[in-house]
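Let's walk through a few side-chain arrangements together, starting with charges and rings and ending with a lone acid.

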Amino acid sequence: MLPKPGKTPTDVASYRPISLLPVISKILGKLLLKRIYNDTHSQAWIPTHQFGFRKAHSTIQQCHRLTDIINKALDNQQYCSAVFLDVSQAFDKVWPQGLLLKIQTNPALRVLQTPTIIHTKQIPRGNIQQRNFAHSPNALRSPPRKHPGSAFVYDIQSRYPQSNTTILSTFADDTAIFTTHPDPILASANLQDHLHSLEKWTRKWRLKIIETKSTHITFTLRRGQCPPLYINRTVVPQAETVKYLGLHFDKRLTWKNHVATKRKQLDHKTREINWLIGKHSPLSLENKLLVYKTVLKPVRTYGIELWGCATKSNIAVIQRYQSKLLRSITNAPWYVSNHNLHFDLHIPYVHTVFRERTATHRTALGSHPNPLIEPLVHPPNIRRLKRRWTFDELH
């Protein structure tokens, strides 16, 4: 049981259980997954907006879709109204009978419906209805309990009702719904219609959306914001920033909040391992750099393909942190320049990492199988605002 950050330690709901699956179960799951993916209709089974549990689909690519929608709305002087949904225990509260019904009726899963030497139809049923789990705090062990399993969490989440006036984005159970319109009232009306159909759908499949933990945000450079939204007659809280798939989006898409949050996170992690990489540590310089690249660099560079096009002042916040840390790691005297530190340690500057990662990101999108990715590769050439987009640095 791992404590959730910022939660009350005396509350049971403040802990996240981590499950250790049997090796045999993992092998069986991989075999079934391979047979499902070999089926010619398996890709048609997963909607294009679902980027979770799919090869060649990443969180950065999904977030790039969102930044493209927001940038176009800002450039066209529109209101981009978006709601980010919090699904309650999507993994734990799967409806077993509904799951079996989907397996039996979905043509894309006919590989699991055809009897063979091993009755594959019984495998998912046993995996769903006969799975037990136990909690082991320290040396104690709780009695085994039934667990419904969640072999089709991505199917339930990917089959949200859709609308012609909204844009759906899902990564497993992380869901965002967008709409753009010059009129803020009509933008909220379109989004509210989608939410009404979503309410009926969640009741049918016995899912629950936590209205108070969901977030409604209006991306715009104009004054005002879109009218409030309601889920199950409960108003969705409005905010000026929202976190989605590890990135922090603010209402003007300046990435200022994301950079500030990452700087605080980096400072916190640096303090935790300062005894290991600080100037008084007996660890060798080579191992200090290894720890830096393994622990701190992923935090600093995650999503840089998108937030790297922020203003120079925001990028300088992360660059100053890196220069300061390299000086501490090497215990360099004051007369050694930051340029020499980066050059001698073979650590690139932040803007250099942005260009390199952006070039790799564009290459991956160029041959992407998902049709929703194509607009990202060819952004509009004529734009009203002098804002940097992701691929502008490559021109």
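Arg-362 sits over the face of Phe-391, 5.2 Å from the ring centre; a charge counts as over a ring if NZ of Lys or CZ of Arg is within 6 Å of the ring centre and within 35 degrees of the ring normal. Arg-383 likewise lies over the face of Trp-389, at 4.4 Å from the ring centre. Before going on, note that this is a predicted model, where local features need pLDDT of at least 70 and side-chain atom pairs count only at pLDDT 80 or more, while totals for chains, interfaces and linings use all residues. Residues are numbered from 1 along each chain as its sequence is written, and side-chain values use heavy atoms, leaving out hydrogens and water.

Arg-383 also leads us to Asp-75: beyond neighbours within four places in sequence, Asp-75 contacts Ile-382, Arg-383, Arg-384 and Leu-385 (heavy atoms within 4.5 Å). Asp-75 belongs to helix α3, residues 59-75 (a DSSP run of H or I, at least four residues, numbered from the N terminus). Does this acid have a salt-bridge partner, or is it without one? Asp-75 is buried and has no salt bridge, with the nearest oppositely charged side chain, Arg-384, 5.0 Å away. Here buried means under 20% relative accessible area, exposed over 50% and partly exposed in between (1.4 Å probe, protein chains only). A salt bridge needs a side-chain nitrogen of Lys or Arg within 4 Å of a carboxyl oxygen of Asp or Glu; Lys and Arg count as positive, Asp and Glu as negative, and His and the chain ends are not counted.

Now for the rings: the whole structure holds five aromatic pairs (Phe, Tyr or Trp rings, the six-membered one for Trp, with centres within 6.5 Å; planes under 30 degrees apart are stacked, over 60 edge-to-face, the rest tilted). Phe-84 and Phe-178 have ring centres 5.7 Å apart and planes at 80°, so they pair edge-to-face. Because Phe-84 lies in strand β3 (residues 79-85) and Phe-178 in strand β7 (residues 174-181), this pair ties together parts 94 residues apart in sequence; a strand is a DSSP run of E, at least two residues. Both Phe-84 and Phe-178 are buried, and ring pairs link them with Phe-219 and Tyr-244 into a cluster.
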